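Reader: Before I plan anything at the bench, I would like a close look at the aromatic rings here and at what surrounds them. Could you take me through that part slowly and with the reasoning shown?

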Amino acid sequence: VTMTEDRHVQIQRVDGSDLRQLSCDGEKNFIFAVAVSPHPDDPRIAVGCYDGAVLVFDALATRTDSWSHKVKADVPVTALAFSWDGQYVASGDADGTVNLWKRGQKLVWIGQDARGAKKSPIRHNIHKAISDIGFSKKESNLLLTNGEDVQAIVWSLDLQGRRLERVEKGGKNNWPLAHDRPVIAGKFVSLRGNEASVVTISGKN
């Protein structure tokens with residue numbers, strides 16, 4: 001799966017032959033983010049659109065209509081990630097908001113509702129885009145978001161309860177990691193058995 005500079009996305013075989021091209025609905029509605037499900041039996045690909053839509057395709061068939069979502073019109077989706085089991089998709093947008101979608105559900109699972117009446121509890125500073133996003137492989141309730149507001153944040157989620165993890169007084173369900181420059185990318189890594197370690201890349205180093 002590749003995305004070129006002109007924001008066209010296509011699926012190709014390694015021999016160079018094309019399988020299909022992916023696109024968002026509408027003229028000049030470009031793709032801003034792409035994610036591929038890491039599950040070996042799940043051939044789905046998600047794309048984030050300029051108009052705020054998240055579309056999920058079966059790479060070998062047609063679009064999965066139940067995974068066509070939009071929360072905020074005309075706020076581009078700038079980052080996407082599948083959970084390692086393929087059950088969830090996390091989307092981040094140009095406004096610093098993150099939403100979680102569950103497979104088979106048409107509405108946001110954790111995040112902002114379509115009318116904007118409820119704000120997502122997973123968000124960076126407003127008007128600062130989410131640049132990268134990812135789930136932990138071993139700790140499926142941990143989500144890492146990276147943003148232009150010079151921070152990466154690790155979030156602890158209650159996926160069944162559709163909220164951030166409840167904590168005792170004085171406890172935490174998110175851990176901001178400050179940087180000197182916008183955080184371009186980040187991912188969870190295992191260092192000496194600690195599955196909550198992260199590696200990040202900022203605009204400085």
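Author: Rings of Phe, Tyr and Trp, the last taken by its six-membered ring, are counted as a pair if their centres lie within 6.5 Å, and a pair is called stacked when the planes are under 30 degrees apart, edge-to-face when they are over 60, and tilted otherwise. The model is a predicted one, and a search through the whole of the structure finds one aromatic pair. That pair is formed by F32 and Y50, whose ring centres are 5.6 Å apart and whose planes meet at 40°, so the arrangement is classed as tilted. F32 belongs to strand β4, which covers residues 31–36, whereas Y50 is in the loop between β5 (44–49) and β6 (53–58), and the pair therefore ties together parts that are 18 residues apart in sequence.

As for how much of each residue can be reached from outside, F32 is partly exposed, with a relative accessibility of 24%, and Y50 is likewise partly exposed, at 40% relative accessible area.

The ring of F32 has a further neighbour, since R7 lies over its face at 4.2 Å from the ring centre. A charge is also placed over a ring at W109, where the charged end of R162 sits 4.1 Å from the centre of the ring. To return to the pair itself, F32 is thus a ring that takes part in the tilted pair with Y50 and also has R7 over its face.

Conventions: Residues are numbered from 1 along each chain as its sequence is written. This is a predicted model: local features need pLDDT of at least 70, side-chain atom pairs count only at pLDDT 80 or more; totals for chains, interfaces and linings use all residues. Side-chain values use heavy atoms; hydrogens and water are left out. Helices (H or I, at least four residues) and strands (E, at least two) are DSSP runs, numbered from the N terminus. Buried means under 20% relative accessible area, exposed over 50%, partly exposed in between (1.4 Å probe, protein chains only). A charge sits over a ring if NZ of Lys or CZ of Arg is within 6 Å of the ring centre and within 35 degrees of the ring normal.
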